[in-house]
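Trainee: Could you take me through one part of this model up close? I'd like a connected picture rather than a list.

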Amino acid sequence: MSDYQETLYEGYGQRFRMEKMLHEVRTEHQHLVIFQNPRMGRVMALDGVIQTTEADEFIYHEMLTHVPILAHGAAKRVLIIGGGDGGMLREVAKHLTVEHITMVEIDATVVEMCKEFLPNHSSGAFDDSRLNLVIDDGMRFVATTEEKFDVIISDSTDPIGPGEVLFSENFYQACHRCLNEGGILVTQNGTPFMQLSGVQTTAGRMNGLFADWHFYQAAIPTYIGGAMTFAWGATDNGYRKLPLETLRQRFMGSGIVTRYYNPEVHIGAFALPQYVLQAVSKASND
């Protein structure tokens, strides 16, 4: 057995024991590795950075999906940027009121390898009749499409390699253009303790673009450095202040079974610690 050393941060990192190498390939866009770990199950890494594990992926995927869709309350059309492992698609597909799902993934090999080696992530969701799977660059798609969406979820890698453009000002502006009236954009935004400058950059790009912008958090063991932030941009400033009872009714009405998300977690996730508020020049969580 050997170890897989993540290379995301200089001087700080994590190491995974590789019980078995399941697949390794250099795709057209990146270096992909899938291996077995005794604690986290199957693990996927891209370009030296851990992307997802079987053990805790549910936290990440539930929070990036159910928070915006249940806050919106009437989302019919959902766009997923990235998400080649299929976990985000699986969670979106649980919402039977969603009529159309477009998923744009730049790397077809990631999709095919995850279907084969991480099948529990998608759990058959790639066969959902509501899905339109597009193999293309996410930036190019949102910049050129004429389609409109109620919720856009950016499930990108870190801002290196193919994922770098998905944190650009042009990307956020293009996503805003693709939203229906009352639409919501959410994106993964790293761990603020380790990547605070990235959170600040996103805040600067969302401020003035969306009627309401903020961040929310969840602690996901795989992503070291503390709680992970998700950027929130809404064209309606009421979504983030929904009463708990409204979220409870929507959640119960959906019939969705979760392992992490619930309405109380939903509301609490928007309470940012003081150092993050200060970094993004917000006086409070209001």
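Mentor: Let's start with a cut-off: a residue is called buried when its relative accessible area is under 20%. Keep in mind that this is a predicted model. Gly138 sits in helix α5, and because its relative accessibility is 7%, Gly138 counts as buried. Just before that comes Asp137, in the loop between β9 (131–135) and α5 (138–144). With 18% relative accessibility, Asp137 is therefore buried too. Leaving out residues up to four places away in sequence, Asp137 touches Val104, Ile106 and Val165. A polar atom of the Asp137 side chain also lies 3.1 Å from the backbone nitrogen of Met139. Both Asp137 and Gly138 appear in the UniProt record under "binding site", in an unreviewed entry that also lists Gln30, Glu105 and Pro162.

Now zoom out to the domains. The domain assignment splits the chain into domain 1 (1–51) and domain 2 (54–278), and the contact takes 24 residues from each of them. Their centres, taken over C-alpha atoms, are 23 Å apart. Between them the two domains bury about 2,100 Å², with 66% of that on carbon and sulfur atoms. On the domain 1 side, Tyr9, Met40 and Arg42 supply 28% of the buried area, more than any other three residues. As for polar links, there are 11 residue pairs in polar contact between the domains, but 0 salt bridges across the interface. Strands β3 (20–26), β4 (31–37), β5 (41–46) and β6 (49–53) each supply at least two residues of the side of domain 1 that touches domain 2, and β5 gives the largest share, 4 residues.

Methods
Residues numbered from 1 in each chain as written. Predicted model: local features only at pLDDT ≥ 70, side-chain atom pairs only at ≥ 80, totals over all residues. Heavy atoms only, no water. UniProt positions renumbered as here; feature names shortened; annotations may be inferred. Buried < 20%, exposed > 50% of the residue type's maximum accessible area, 1.4 Å probe, protein only. Contact = heavy atoms within 4.5 Å. Polar contact = N/O pair within 3.5 Å; in protein donor to acceptor, adjacent residues only side chain to side chain. Domains from an automatic or database assignment. Buried area = accessible area lost by both parts, 1.4 Å probe. Salt bridge = Lys/Arg side-chain N within 4 Å of Asp/Glu carboxyl O.
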